[in-house]
Amino acid sequence: MEKKRIAVLVSGGGTNLQALIDATHAGVLQSGELTLVVSSSSKAYALTRAAEAGIPSAVLTGKSFEPELEALLKDYQIDLIILAGFMRILSPAFTARHDRRILNIHPSLIPAFCGKGYYGLRVHEAALARGVKVTGATVHFVNEIPDGGEILLQKAVEVLPDDTPETLQRRVMEQAEWKLLPLAAELVSRGEIK
Ligand code: GRF
């Protein structure tokens, strides 16, 4: 079977992109190929990770970036889009055109601590403020509602008494995000999740 062609959309450090790259080398991600990285910032370290892995990349910083993004997706014949720390909201028209073709990783157990305003450290700050004992990460399809699309995979992570937002973020990444995202990419590429 031909490999699905994957575009990864990033804005920052790109540790989730790195997890996808590592999963390719480890044979965990084998039904999909990391074909293109698109960043909303020219300073994103994710771009260095892409270059080191030999994956072509593009930077789209404009306010109305979607027409350019569509052109790139067409040029590179992309089958699947993965949002890995992408800090821009996609329009309802865009998400509708790519229905069940966009994945996102969110660092909580949706429906807790998700939706508008819940990104980055804020998610973990909110979890600690609420005093939950368990949090985690979720991979979901992207639709017009922020963090509202169908849930594909979730993994729980323990909250420890001395956690700061930073230590919790790190544990959620290590124990959940970096495992779930490559697995979801493989399952969707393989056609096991449609
Ligand atoms: C991750 O916590 C991810 O869940 C969220 O944004 C962060 C991106 O981190 N959507 P990185 O750029 O992959 O290191």
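**Exercise 1. The sheet**

Task: In this predicted model, determine in which order the strands form the sheet, and which strands stand at the edges.

Solution:
- Step 1. Seven strands make up an open sheet, and their order is 3-2-1-4-5-6-7.
- Step 2. The pairing within the sheet is mixed.
- Step 3. Strand 3 (57–59) and strand 7 (151–158) each have a single partner strand, so one side of each is without a neighbour in the sheet; these two stand at the edges.
- Step 4. On average, neighbouring strands are turned by 20° against each other, direction ignored.

**Exercise 2. Strand 1 and its partners**

Task: Describe how strand 1 pairs with strand 2 and with strand 4, and state whether strand 1 is mostly covered or uncovered.

Solution:
- Step 1. Strand 1 (residues 4–10) pairs with strand 2 (residues 32–39) in the parallel sense, over seven bridges.
- Step 2. Opposite Val 8 stands Val 37 of strand 2, and opposite Leu 9 stands Val 38 of strand 2.
- Step 3. With strand 4 (residues 80–83), strand 1 pairs in the parallel sense over four bridges; Ile 6 has Leu 80 as its bridge partner there.
- Step 4. Five of the seven residues of strand 1 are buried, and the strand is mostly covered.
- Step 5. From strand 1 the chain passes through helix 1 (residues 15–26) to strand 2, a right-handed β-α-β crossover.

**Exercise 3. Helices on the sheet**

Task: Find which strands helix 3 lies across and where helix 6 bends.

Solution:
- Step 1. Helix 3 (residues 66–75) lies across strands 1, 2, 3 and 4, and runs at about 155° to strand 2.
- Step 2. Helix 6 packs on the sheet, its direction making about 155° with that of strand 7.
- Step 3. Helix 6 (residues 165–189) bends by about 45° at Met 173.
- Step 4. Gly 191, just after helix 6, has a positive phi of about 85°.

How values were computed. Residues are numbered from 1 along each chain as its sequence is written. This is a predicted model: local features need pLDDT of at least 70, side-chain atom pairs count only at pLDDT 80 or more; totals for chains, interfaces and linings use all residues. Side-chain values use heavy atoms; hydrogens and water are left out. Buried means under 20% relative accessible area, exposed over 50%, partly exposed in between (1.4 Å probe, protein chains only). Two strands pair if DSSP finds at least two bridges between them. A crossover is right-handed if, with the strands pointing away from the viewer, the path from the first strand over the helix to the second runs clockwise. The bend at a residue is the angle between axes fitted to the seven residues ending there and the seven starting there. Axes are lines fitted to C-alpha atoms, for helices over the stretch in contact, and angles run from 0 to 180 degrees between N-to-C directions. Contact means heavy atoms within 4.5 Å.
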